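Subject: Structure for you to look at

Hi,

Here is the structure I promised to pass on. Please open it beside this email and follow along.

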Amino acid sequence: MPSSQAIREAIVASLRHGDAATLDGTARALKISRRTLQRHLGRMGTSHSEILAEIRLKVACRLLADSSKRLSDIAKFLGYTNASSFSRSFARLMKIQPVVYRKQQRARKHDPASPRGRPHVIGR
């Protein structure tokens, strides 16, 4: 069975290639059936959608903090249908709008008195 890391890498690779990072696509990339992947993730105490949400959030935080990409481009890259659905998802998980998060991260980088490092990510 694939490791948690292998599953995450398959999902990230799918996002990089502009795919939606679906359960079927991840299973295909790992050369196992969809159902086998679901059972394996269930035994690990997680699901494909939980891992995908976690990866999307981490990548979104990085892109918001370290790039000037438009929200619509970030949304498309992460497989959201539009910037609005991305913003709602981000705000639900982080308790802050993505544009506000970006401003805070940029201010933090330019303020030498602020602590370095990433803020704690709320949720999974």
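Below are some notes on its core, one helix pair and some salt bridges.

This is a predicted model, in which local features need pLDDT of at least 70, side-chain atom pairs count only at pLDDT 80 or more, and totals for chains, interfaces and linings use all residues. Residues are numbered from 1 along each chain as its sequence is written, and side-chain values use heavy atoms, leaving out hydrogens and water.

The largest nonpolar core (buried Ala, Val, Leu, Ile, Met, Phe, Trp, Tyr and Cys joined through side-chain atoms within 4.5 Å; buried is under 20% relative accessible area, exposed over 50%, partly exposed in between, with a 1.4 Å probe and protein chains only) has 30 residues, and F86 and F90 touch the most other members. Helix α4 gives the largest share, nine residues (helices are DSSP runs of H or I, at least four residues, numbered from the N terminus).

In the contact of α4 with α6 (heavy atoms within 4.5 Å), L57, A60, C61 and L64 meet F86, F90, L93 and M94.

There are five salt bridges (a Lys or Arg side-chain nitrogen within 4 Å of an Asp or Glu carboxyl oxygen) in the model. One of them joins D66 and K109 at 2.4 Å, N to O; D66 lies in α4 and K109 in α7, so this pair ties together parts 43 residues apart in sequence. D66 is partly exposed at 41% relative accessibility, and K109 is partly exposed at 40%. D24 and R34 form another, at 2.9 Å.

Best wishes

Definitions and conventions:
Helix = DSSP H or I, 4+ residues; strand = E, 2+ residues; numbered from the N terminus.
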